[in-house]
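Open the model in your viewer and set it to cartoon. The tour moves from strands to helices.

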Amino acid sequence: MNRPQVLDGVAIASEIKAEVGREVAELSSHGVRPGLAVILVGEVPASQIYVRSKVKTCGELGIYSEMLTPPESITTEEMLALVANLNARDDIDGILIQLPLPKHVDTKRLLEAVSPDKDVDGFHPVNAGRLQSGQPGLAPCTPAGIIEILRRSGLPIAGQNAVVVGRSDIVGKPAALMLLNESATVTVCHSKTRDLPAVTRSADILVAAIGRPGYVAADMVKPGVTLIDVGINRLTDAADVQRFFPGDAERAATFAKRRSVIVGDIDPAAFAVSGAYTPVPGGVGALTIAMLMHNTVKAAKLRRG
Ligand code: GUN
């Protein structure tokens, strides 16, 4: 069998960022500078890393960015006031509330308070509705990244059997809708799906967004399938690293150094029988920030005409 094609998310993200950078330059020649505000509550290390990376990428592309870092103790009402202020500001085109928020904060109320036209995460129900009804709007970054990977790798979507495992509002559901909008025949699977392997084996394109390390095994996929792995799971047990990556000296060295290794929701043994796959890391995850930048420029253009 032929070796699978590795879908290089980092290279595709670079291509998109370069395009966004050119659009920012074009807007700046008309006196417009797109602006992104990121709200990061408290001190969650993973969120701090993500947000820093978002702000840094804005800088690289010429997008204005502003980071708001209220303390963990902030109330929902105080957060609503912050959002209202950002909604009203003309120099801010995109507002991103980094998740998760502390438990005492009403996440749903806050996400609904962001102006839909500044909702660069695409989490507002109005944008979910626009996506559902095929109207222009801001689409969630990770699913939009999946479509970009397929399109830019020349992999067909129309007419393909696409199976999405996972039905979250942030990834699974919007990914299914976007694949449907591209004329795939779409099936969405979840924890109550009967005979999951039979359904996943019918996939020409399989999207895994479950949040469980290596959940999709090699015997659950059809040879030649395109595998899109949205999972980011940290392995901290040497036995798990050995199980998922047998004989992989590079991963073993990473584990020896960092005491952890990242694996997706798809068992690497399934990648081996695929026609094409997104690696973890370096696949879908690499696209999320690029699509956020894309959405920020899109929001600037939509809002400022
Ligand atoms: N936390 C982890 N990923 C994301 C994301 O894409 N957007 C937001 N707002 N928070 C996140």
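Which residue in E3 does valine 38 stand opposite? Select valine 38 and look across: its counterpart in E3 is methionine 67. Bear in mind that this is a predicted model.

**Stop one: the sheet**

Now select residues 35-39, which make up strand E2. Add E3: five bridges tie E2 to E3, and the two run parallel. Then bring in the third strand, E4. The sheet is open, its order is E3-E2-E4, and the pairing is parallel. Colour the edges next. They are E3, at 64-68, and E4, at 94-97, and each pairs on one side only. Turn the sheet to view its twist, which averages 15° from one strand to the next.

**Stop two: the helix pair**

Hide the strands. Select residues 9-28 for helix H1 and residues 284-304 for helix H12. The two pack with their axes 8 Å apart, at an angle of about 15°. Angles under 35 degrees count as roughly parallel, so H1 is roughly parallel to H12. H1 passes H12 in a left-handed crossing.

**Stop three: the contact between them**

Show side chains. From H1, pick residues including Val10, Ile12, Ala13, Ile16, Val20, Val24 and Leu27. Lys17 and Glu23 of H1 also take part. On the H12 side, the contact residues include Val284, Leu287, Ala290, Met293, His294, Val297 and Ala300. Colour the contact by class: 14 residues are nonpolar, three are polar and two are charged.

Notes
Residues are numbered from 1 along each chain as its sequence is written. This is a predicted model: local features need pLDDT of at least 70, side-chain atom pairs count only at pLDDT 80 or more; totals for chains, interfaces and linings use all residues. Axes are lines fitted to C-alpha atoms, for helices over the stretch in contact, and angles run from 0 to 180 degrees between N-to-C directions. Helices (H or I, at least four residues) and strands (E, at least two) are DSSP runs, numbered from the N terminus. Angles under 35 degrees count as roughly parallel, over 145 as roughly antiparallel, 65 to 115 as roughly perpendicular and the rest as oblique. A crossing is left-handed if the near helix is turned anticlockwise from the far one by less than a right angle, and right-handed if clockwise. Two residues are in contact if their C-beta atoms, placed from the backbone, lie within 7 Å. Ala, Val, Leu, Ile, Met, Phe, Trp, Tyr, Cys and Pro count as nonpolar, Asp, Glu, Lys and Arg as charged, and the others, Gly among them, as polar. Two strands pair if DSSP finds at least two bridges between them.
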